[in-house]
Amino acid sequence: MERNLRRQPQSDHGHPWRKDVLVKPDQVGWTLQVACHRAGNICLTVRLNFLHHPSISNKQEITESVFLQLDGNIVAPNAIWTTTAANLLTFYRVNNLTVNGSGQMDGNGAIWWTCFNQKLLAFASCNNLTVKSIHLKDSPDKHMTLYRCSQVQVNNVSVTAPGKSPNTDGINMAFSDHVYISNCTIRTGDDCVSILSGTSDVNITNSKCGPGHGISVGSLGGEGSTALVERITVSNCSFSKTLTGVRIKSWQGGSGKANGFLFENLNMTDVQFPIDIDQFYCPRGNCPQQDSAVAISDARFINIQGTSSNPQAIQILCSQSVQCRGIYLDNINLSCSRHTARTRATISNAYGTIGGMVKPHVQFLGA
């Protein structure tokens, strides 16, 4: 079955480019034409195939800019439709792409949260990518993934899932560079943004996070792997009722480096751990002690204010064999939201400096 959504006099909702799509599990191989090149009338094909990997691919090489307008709704089946890893919608090797609109992708994730891990919207090997103003809701797993993408702008995107929904990261990226995220609102059950190995030159600004697990670098170094993350900036963001605010997390036994961080002008409201560096990440517990670790250095935390739901507002837990270096704190003011306890900091095996007022008190090695 094929429906062509190229410019029509009116669609079902009175808008020439709008179409609501409720995908049924039996629509195997169903194809939907959703966008045309504005100048050359070059169409992309969206394959919503619920027994295989759904994808967007170009039938011929596209060298100019491509626009996809999403103003309706794409709703996943309210039934388990695959037992293999898949995404509801995948863009692969589509360069100069803009995904825009006021529409929504609804993953109907609740039925998946105890079983499989299917993702909602994925971009792989897409360069010069822009995603604007769309809404993502209730993904079975991560909502938006960026893999091997370069020169990416994500602006005014909203992501919503229940605070207890597992693994529902808002935006997840790996092996990507020059990613700019701005004016986004992310409320999920896991990381609002997660930055994995192979990623560099990321700027996250003017965005809201919570509930969720905060904005995280990592986890890095899992299963003895070598990690590399460089030049990450998070600025002018707010966090509400999240597990962490800004976090760098790595497993024991890994290697490589994570450096060049700036966390600046952040507001925390009832956040459990507003500032968190953890070289002993082990979510299930009982991880064996290992000497090797991902080296974490050059992390600056400046102008961070607000409240912590946990008296331990700052924790920087580093390996004795691979110590953290170049940590800088300036103008930090974190009080306990319960008003019955004073906040405190736990620092181990970390070298750093204090540039101004820091509350709670922090003592680095060598200071």
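**Figure 1. The largest pocket of the predicted model.** In this predicted model, the largest pocket holds about 890 Å³ of space. Its lining is made up of 36 residues. To find the middle of the pocket, look for Ser219, Lys249, Trp251, Tyr281 and Pro283, the lining residues that lie nearest its centre.

**Figure 2. Strands and residue types around the largest pocket.** Which elements give two or more residues to the lining of the largest pocket? They are β23 (215-220), β24 (226-240) and β25 (244-250). Of the elements, β23 gives the most, with 3 residues. The lining can also be sorted by residue type: 16 of its residues are polar, 11 are nonpolar and 9 are charged.

**Figure 3. The second largest pocket.** Here the view moves to another part of the chain. The second largest pocket contains about 160 Å³ of space. You can trace its lining along the sequence, beginning with Asn87 and Thr90, then Ala122, Phe123 and Ala124. Next come Lys142, Thr145, Leu146 and Tyr147, followed by Asn172, Ala174 and Leu196. At least two lining residues come from each of the strands β8 (87-92), β11 (119-124), β14 (144-147) and β17 (171-174). How many residues of this lining are nonpolar, polar or charged? The split is 7 nonpolar, 4 polar and 1 charged.

**Figure 4. Cys192 and its surroundings.** Cys192 sits in the loop that runs between β19 (185-187) and β20 (193-195). Is Cys192 buried or exposed? Cys192 is buried, because its relative accessibility is 1%, and the cut-off for buried is under 20%. Leaving aside residues up to four places away in sequence, Cys192 touches Gly170, Ile171, Ile186, Cys209, Gly210, Pro211 and Gly214. Now look for Asn172, which lies 20 residues from Cys192 along the chain. The C-alpha atoms of these two residues are 8.4 Å apart. Asn172 may be familiar from the previous view, where it helps to line the second largest pocket.

**Figure 5. Stepping back to the whole chain.** What does the secondary structure of the protein chain come to? There are 33 strands and 0 helices. The chain has 367 residues, and 52% of them are buried. Contacts can also be sorted by how far apart the partners are in sequence. Among contacts with a separation of 6 or more, 73% join residues 24 or more positions apart. Finally, the accessible surface of the chain is about 15,700 Å², and carbon and sulfur atoms account for 46% of that surface.

Notes
Residues numbered from 1 in each chain as written. Predicted model: local features only at pLDDT ≥ 70, side-chain atom pairs only at ≥ 80, totals over all residues. Heavy atoms only, no water. 1 Å grid on protein atoms, 1.4 Å probe; cavity = no way out; pocket = protein on both sides within 12 Å on 5 of 7 lines; lining within 4 Å. Points joined across faces, edges and corners; volume = space filled by probe spheres on them. Helix = DSSP H or I, 4+ residues; strand = E, 2+ residues; numbered from the N terminus. Nonpolar A, V, L, I, M, F, W, Y, C, P; charged D, E, K, R; others polar. Buried < 20%, exposed > 50% of the residue type's maximum accessible area, 1.4 Å probe, protein only. Contact = heavy atoms within 4.5 Å. Areas by Shrake-Rupley, 256 points an atom, 1.4 Å probe, with all protein chains shown as cover.
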